[in-house]
Every structure is written in structure tokens, then in C-alpha cells.
Amino acid sequence: MHKIPLLSALKKDRWVKPFLTHYKRTLYLAIGLGILTFICAGGLMFVSGYLISKSATHPFNILAVYVPIVITRGFGIFRPVFRYAERLTSHNWVFKMTSEFRKKMYDSLEQDAVFFNSKYRLGDILGLLSEDVAHIQNLYLRTIFPEFVAIGLYLLIVVALGILSWWYGLVMLLLLGVIMVAIPFWSVVVNGAKQEAEKQLKNDLYQDLTDNVMGITDWVFANRGEEYVRQHIADEDKLYRIQESLNRFNQMRTFLIEVWFLLIAISLALWGVAQFGGHYGGSANWIAAFVLATFPLVEAFAGLPAAAQESNIYVDSIDRLNQLPAVANTKPAPVELTGPYDLEVQDVHYTYPETTKEVLKGVTINLQAGQKLAILGRSGSGKSTLAALLRGDRKPTHGKITLNGIPTSEFGDEMADYIGVIQQQPYLFHTTLLNNLRIGNEGASEAEIWDVLARVGLKETIAQLPDGLQTMVDEAGLRFSGGERHRLSLARILLKDVPIVILDEPTVGLDPITEQAVIDTFFKQLEGKTIIWITHHLQGIEAMDRVIFIEDGQLEMDGTPQALMKTNERYRRLKLIDAGEL
């Protein structure tokens with residue numbers, strides 16, 4: 001037997017259940033309208049059945065059929081009216097609720113926004129922001145809300161029949177209970193394991209297909225192409241067999257539900273004969289009324305087993321949401337520092353989540369205000385990881401990194417007031433040049449912007465554009481060269497006027513002449529600020545106060561460029577290689 005995953009997930013839930021109490025009046029109104037819709041549908045068939053039977057006999061008074069005709073018209077009119085109102089109200093409730101739901105989720109994510117990369121995979125983040133919210137919305141609309149309406153209708157039917165005949169009320173309690181509880185429970189228990197197997201097979205197929213297509217050359221060279229195709233077909237056959245089994249079960253369940261409703265109709269007919277005498281005319285007219293009233297119940301109850309089975313796919317979404325941190329009721333006090341700004345890296349170790357390999361191993365650096373530090377190292381040595389730790393985007397696994405004694409991971413968004421970053425490929429947004437530059441300082445005047453453009457050597461270039469600062473920038477800033485994009489990024493930093501700037505390999509991809517010009521501009525305009533320059537080669541390194549080299553997560557060399565040139569053979573060799581002399 002397979003346990004019910006949705007119930008297990010909801011036991012510790014703090015996302016789905018609390019929102020059921022939001023906008024309670026709207027929810028109650030939607031449930032009431034849903035019940036009234038089926039009451040009108042059942043009433044329409046009930047009165048129609050009575051009218052058909054009554055019309056087959058000679059009425060003593062025309063009012064005996066005229067009144068049912070009027071009532072039939074009334075039920076016929078109000079059924080679609082209530083249905084429309086119910087749909088409007090229930091969807092309005094769900095949309096209001098999910099707006100609050102999203103707000104809570106964004107508040108939760110915002111608390112750890114800078115740690116997305118270290119705590120969540122990209123797919124999980126996208127899932128949280130799109131698929132999971134849609135799943136929860138469907139859980140309310142397709143499972144929970146129809147269940148509430150069905151429960152209300154179920155109780156009304158049992159009580160109404162119980163008033164007429166207590167023993168048949170109990171019979172109907174049992175008959176509808178099978179549709180309400182037994183068959184949905186059976187669907188979830190039987191198909192839960194199959195649905196999990198189906199999902200796992202789909203994931204495995206996707207992973208195998210991706211890996212094998214990327215490595216298809218190896219399969220061909222090894223003369224194992226046919227083996228791969230056979231393996232893939234075999235895995236697909238497993239998936240198809242599970243899906244076929246699910247489809248067969250769904251068809252069998254649909255047939256069983258239809259047969260069960262037929263039994264309910266037969267039981268009503270037999271009860272009607274016993275209750276109303278079964279003689280022609282008189283009270284026997286009610287027999288057809290009760291039997292025909294059964295048919296609208298199919299729409300109210302028949303979808304519950306499928307909805308319950310569908311709830312299995314919502315479990316992952318509920319689990320992911322409940323793994324989010326609780327939203328803090330109070331915001332942390334803003335960090336306020338005064339210069340000089342000193343960075344301290346004390347015995348820092350870092351291991352990425354879900355891995356065991358240490359990227360940084362006991363790194364210690366003290367960087368005083370105004371110093372210029374170059375961080376060298378080959379790709380994968382830990383340079384960019386150290387930069388992310390300095391900015392507070394990640395927390396050290398061990399050790400600490402502080403700015404004026406405060407851990408950088410505690411600054412959050414306020415870190416942008418103290419540390420600016422110029423990336424390898426600065427991004428420009430598809431808006432005006434003015435808006436792109438004001439990202440650094442929203443309140444900057446045009447005069448201040450023209451001033452920083454002059455400082456980075458772009459004033460004449462921008463002034464020659466037809467629309468000047470109002471020029472629309474292409475997506476990603478493709479109309480500007482690599483060097484111009486880096487200068488525009490520097491202009492943002494100058495407008496922000498942060499005391500510490502990280503240059504994360506900003507000259508990658510530039511030709512040597514442009515690279516040297518950009519480096520000269522950076523160092524001239526950032527004079528007096530603390531500079532952390534991450535680079536893979538040594539052009540312009542003489543302008544730095546200190547150079548460190550990271551190898552396998554550890555500091556392998558540390559000193560001024562001049563001292564290293566005199567005392568470190570490896571550094572001299574790197575200089576010769578970078579200059580093309582070796």
C-alpha cells in the first residue's frame with residue numbers, strides 16, 4: 001500500500017492551509033453559490049420528472065402542471081446564473097489569495113536573495129516562481145474547492161432524504177460516501193506509486209537523452225550507436241507501460257463511477273416505489289422526480305476521484321514552498337558605516353552546497369582602505385568565489401569576512417552602497433542610455449551624468465548620438481563596443497561613489513590596446529578607492545599595491561608586484577608568458 005503523499009505534505013504545511021482562511025467571506029460565498037448551482041440543476045430535473053409524470057395523468061386543475069412549468073423555468077434560468085456567479089467568485093477568491101501567496105513567497109525569497117546561487121538551483125528558483133504557484137492555484141481550484149462544494153451538497157442530500165426516510169438517508173450516506181471517500185482514496189493509493197515512477201522515468205529519460213546526445217560521438221566511435229538506441233527504446237517502453245496502466249485505471253474508474261451512479265438511480269427508484277406506493281398517479285409522480293434528480297449529481301461528484309489523484313503532482317510544490325524560510329516580522333536594522341573601510345578575510349573555507357570539494361581552504365587577507373589588490377589564478381581556482389564572498393553573496397563555510405567588523409553576508413542589498421562590481425560583460429538594458437546610467441544613482445542629474453561620461457572618455461561619443469542620453473540602447477547594449485560597455489559600467493560606479501570596487505576580469509575579450517586604455521581609465525578614475533582586481537594575466541599589474549595568487553583554493557604567493565618580481569620565480573615566469581616572451 002502506498003501512503004497518501006498530499007496528506008503527509010499537509011501535516012507540516014504552513015503555506016496551503018493558512019491561505020484557506022484568507023477572504024473567508026468570499027470563500028463561503030463561492031461554496032454557497034456552487035451548492036446552489038447543483039441544487040438548481042437537481043431541482044430542474046426533479047421538477048421536470050414530476051411534470052412528465054403529472055402530465056401523463058389527467059390533472060384535476062391546470063395549476064397542477066402550470067406551477068411546475070414555472071418552477072422548471074426558474075431553475076433553468078438560475079442554474080447558469082449561479083454557475084457564472086460561482087465561477088467569478090471562486091476565481092476571484094483564488095486570484096486574491098494567490099496574490100497574497102506570491103507576496104509572502106517573494107518576501108521569503110527576498111530575505112535570502114543574495115544567497116540564491118548557494119541555496120537553490122536555477123531550476124528550483126524558476127519552479128518556485130512559476131510552476132509551483134500554478135500548482136497551488138490548481139490545488140485550490142481543482143481539488144480543495146470542488147471538495148468543499150461536494151461535501152456541502154453531500155450533507156444536504158443525506159439530511160433531506162433522512163427527513164423523508166431515515167433508513168434511506170443512511171443508505172445514501174453510504175452510496176455517495178463511496179464516491180466521496182472510497183474511490184478517491186483508492187485512486188491516490190493505487191496510482192501514487194505509478195505517478196512517482198512515471199515522473200522518475202521522465203526525468204531519467206531526459207537526463208540520459210541529454211547526456212547521450214552531448215556524447216553521441218563517443219557512442220559512434222565505439223560502434224555502440226545501435227546499443228544506445230535499443231536502450232533508449234527500452235526505457236521509453238517502460239514509461240509507455242506505466243502510462244498505459246494509468247490510462248486503463250482511469251477508464252476503469254470512470255466506468256465504475258458511472259455504474260455506481262446507475263445503482264444510485266435504481267436505488268432511488270426502488271425507494272420511491274416503496275415510499276410512494278408505486279401506484280399509477282398521485283404520489284407515484286414523485287418517483288421519476290427523485291430518479292431524474294440523480295443525474296446532475298454526476299457532475300458534482302464524479303470528478304472528485306480524478307482531482308484527488310491529481311493532487312499527487314502538487315506534493316513537490318508544497319514541499320519546496322515549505323522549505324523556504326519563514327518571513328521575518330521585523331526587518332533588520334540598516335547597516336551604517338563610516339570610513340575608512342577595511343575588509344578582513346579570516347581563515348575562510350568554502351564548499352558549494354551538494355558538493356564535498358572545498359573551493360577555498362583557509363584564505364586570510366587583510367585589505368586596508370585605499371589599497372589596490374590583484375587576485376590571480378587559473379580558471380576554477382576560487383577567484384570568483386572569493387569575490388562573491390567579499391560582496392556577501394555567499395556565506396563562508398568556515399571563517400568570516402567582515403567590512404569594518406560586520407560580516408559582509410549581513411549587509412543584504414545595502415552592500416551596493418559600499419562595494420561596486422564591474423563584471424566581465426557589463427549588461428545594458430533595453431531602455432534609454434540615461435536610465436541605464438541612473439542605475440548607479442537614480443537621483444543623478446544630467447549634469448552629473450555628463451561629468452562622469454567625460455571622466456570615462458565617452459562624453460563626445462554620446463554627444464554625437466542623434467538622441468544623446470535619450471538614445472535607446474539595444475538589448476544587452478550590442479550597439480556599443482566591449483570597451484565602451486566597460487566604460488559605461490565604470491560611469492555607473494562613479495555615480496554611485498562606492499568606496500570599494502571589484503573588477504571581475506573586466507578586460508576579457510578586449511584587444512591589447514583597448515584593454516590597456518580601459519585599465520588606465522579604471523585606475524585613474526578610481527584613485528583613492530579600494531580596488532580588488534580579479535584577472536588571469538598581468539598586463540597593468542604594476543599599478544597594484546599587492547598581488548595574491550590562488551591555487552587550488554589556497555594562497556600560493558602574496559606580495560607587492562616589485563617584491564614578487566625580485567623574489568618569486570613563478571611570478572617572473574608568469575610575467576614573461578603574459579608578455580609573450582616565453
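In which sense do strands E3 and E8 pair, and over how many bridges? Select residues 372-376 and 530-534: E3 and E8 pair in the parallel sense over 4 bridges. Two strands count as paired if DSSP finds at least two bridges between them. Helices (H or I, at least four residues) and strands (E, at least two) are DSSP runs, numbered from the N terminus.

This is a predicted model, in which local features need pLDDT of at least 70, side-chain atom pairs count only at pLDDT 80 or more, and totals for chains, interfaces and linings use all residues. Residues are numbered from 1 along each chain as its sequence is written, and side-chain values use heavy atoms, with hydrogens and water left out.

**Strand E3 and its neighbours**

Keep E3 selected and add residues 546-551, strand E9, which runs parallel to E3 and is joined to it by 4 bridges. Ala374 is a useful residue to centre on: it stands opposite Trp533 in E8, and its bridge partner in E9 is Val547. Now display the side chains of E3. Lys372, Ala374 and Leu376 point one way, while Leu373 and Ile375 point the other way. Because 5 of the 5 residues of E3 are buried, the strand is largely enclosed by the rest of the structure; buried means under 20% relative accessible area, with a 1.4 Å probe and protein chains only.

**Aromatic pairs**

Next, select Trp93 and Tyr140. Their rings form an edge-to-face pair, 5.5 Å centre to centre with 85 degrees between the planes. Rings of Phe, Tyr and Trp (its six-membered ring) pair if their centres lie within 6.5 Å; planes under 30 degrees apart count as stacked, over 60 as edge-to-face and the rest as tilted. The pair links distant parts of the chain, with Trp93 in helix H4 (residues 63-111) and Tyr140 in helix H6 (residues 122-164), 47 residues apart. Trp93 is buried at 1% relative accessibility, and Tyr140 is buried at 0%. The structure holds 10 aromatic pairs. For a cluster, select Phe46, Trp167, Tyr168, Trp271 and Phe290.

**Annotated spans**

An unreviewed UniProt entry annotates transmembrane regions, including residues 148-168 and 174-193; such annotations may be inferred rather than shown by experiment. In the model, residues 148-168 are 95% helix and 0% strand, with end C-alpha atoms 24 Å apart. Residues 174-193 are 100% helix and 0% strand, and their end C-alpha atoms lie 28 Å apart.

**The whole protein**

Finally, show the entire protein, which has 21 helices and 10 strands. Buried residues make up 46% of its 582 residues.

Key. Buried means under 20% relative accessible area, exposed over 50%, partly exposed in between (1.4 Å probe, protein chains only).
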